Amino acid sequence: KASVRKGDKDEFKELLDSIMADNRLMEKNGKLILAENLGLVPGENVKVTGTFGFARPQDAEKDVFIPGRMPAGALHGDKVLLKVTRGTGELPEGEVYKITDEANVKFSAVLQVQDDGAPQVLPDRYLRFPVRLSPAKLLGAKDGDKVLCEITRRGDRHSEHRARILE
């Protein structure tokens with residue numbers, strides 16, 4: 001527990017907020033811990049598929065393989081904190097511990113209306129999994145049409161993300 005003089009509390013809080021915004025300091029179980037002491041490194045998500053992905057740690061020569069159960073919903077271009085472990089293959093393996101800055105993800109896709117009438121889009125690149133539309137404003141697009149979309153809502157899993165059609 002920090003002991004801060006009454007007159008210094010605002011300055012202390014501002015400094016603490018700045019350090020936490022840089023993701024150098026994390027809160028875990030109600031305690032503040034340096035991210036590096038948790039084995040976390042900053043990086044960027046560089047590829048996402050339906051079953052795995054890759055992230056590039058800052059100042060690292062090799063990308064990190066992210067198994068399908070470990071991406072925490074991170075998308076291409078997101079800034080992330082990674083927990084890196086030794087992999088069984090050529091690349092180190094890891095998990096996305098936290099998304100620190102969400103990328104504005106726009107993508108081209110093909111509209112698909114499912115048997116139950118629920119619309120979803122099948123992205124061309126960067127995203128390799130179907131994304132449901134929410135709200136379901138199709139802007140005149142029909143099943144099979146090519147559309148431009150953007151992610152509007154994020155989830156902890158890729159299946160929870162939602163998109164909207166831009167054009």
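Residues are classed here as nonpolar (Ala, Val, Leu, Ile, Met, Phe, Trp, Tyr, Cys and Pro), charged (Asp, Glu, Lys and Arg) or polar, the last class taking the others, Gly among them. By this scheme, the lining of the largest pocket comprises six nonpolar, four polar and five charged residues. The structure analysed is a predicted model.

The largest pocket holds about 270 Å³ of space. Its lining consists of 15 residues, and those nearest the pocket centre are D22, N23, P42, Q58 and L81. Two elements, β3 (40-48) and β6 (79-85), each supply two or more residues to this lining. The greatest contribution comes from β3, which gives four residues.

Two of the residues nearest the pocket centre, N23 and L81, are also contacts of T100, which in addition touches K79 and V80, when residues up to four places away in sequence are not counted. T100 is part of strand β7, which spans residues 93-101. Its relative accessibility is 30%, so T100 counts as partly exposed, since that class lies between the limits of 20% and 50%. P42, another of the residues nearest the centre of the pocket, is 58 residues from T100 along the chain, and the C-alpha atoms of the two are separated by 8.7 Å.

One cavity of 30 Å³ or more is present in the structure. The largest cavity contains about 70 Å³ of space. It is lined by 14 residues, with V48, F52, G53, P71 and H158 lying nearest its centre. The elements giving two or more residues to this lining are β3, β4 (52-57) and β5 (64-67). Here β3 again gives the most, with three residues; this strand also gives the most to the lining of the largest pocket. By class, the cavity lining is made up of six nonpolar, seven polar and one charged residues.

F52, one of the residues nearest the cavity centre, also takes part in aromatic pairing. Three aromatic pairs were found in a search of the whole structure. In one of them, F52 and F54 are arranged edge-to-face, with 5.7 Å from centre to centre and 85° between the planes. Ring pairs join F52, F54 and F65 into a cluster. F52 has a relative accessibility of 30% and therefore counts as partly exposed.

The largest nonpolar core has 17 residues, of which F107, V121, L127, V131 and I151 touch the most other members. Two or more residues of this core come from each of β8 (106-113), β10 (131-133), β11 (146-153) and β12 (162-165). Apart from it lies another core of seven residues, including A55, I66, V80 and V96. Within the larger set, L127 touches F107 and I151, and its contacts also include V48, L75 and V105, leaving out residues up to four places away in sequence.

V48 and V105 recur among the contacts of H76, which also touches N45, V46, K47, A103 and Y126, with residues up to four places away in sequence not counted. H76 is located in the loop between β5 and β6. With a relative accessible area of 24%, H76 is partly exposed, because this value falls between 20% and 50%. H76 and Y126 are 50 residues apart along the chain, and their C-alpha atoms are separated by 6.2 Å.

Key. Residues numbered from 1 in each chain as written. Predicted model: local features only at pLDDT ≥ 70, side-chain atom pairs only at ≥ 80, totals over all residues. Heavy atoms only, no water. 1 Å grid on protein atoms, 1.4 Å probe; cavity = no way out; pocket = protein on both sides within 12 Å on 5 of 7 lines; lining within 4 Å. Points joined across faces, edges and corners; volume = space filled by probe spheres on them. Core = buried A, V, L, I, M, F, W, Y, C linked by side-chain atoms within 4.5 Å. Buried < 20%, exposed > 50% of the residue type's maximum accessible area, 1.4 Å probe, protein only. Contact = heavy atoms within 4.5 Å. Phe/Tyr/Trp six-rings, centres within 6.5 Å; stacked < 30°, edge-to-face > 60°.
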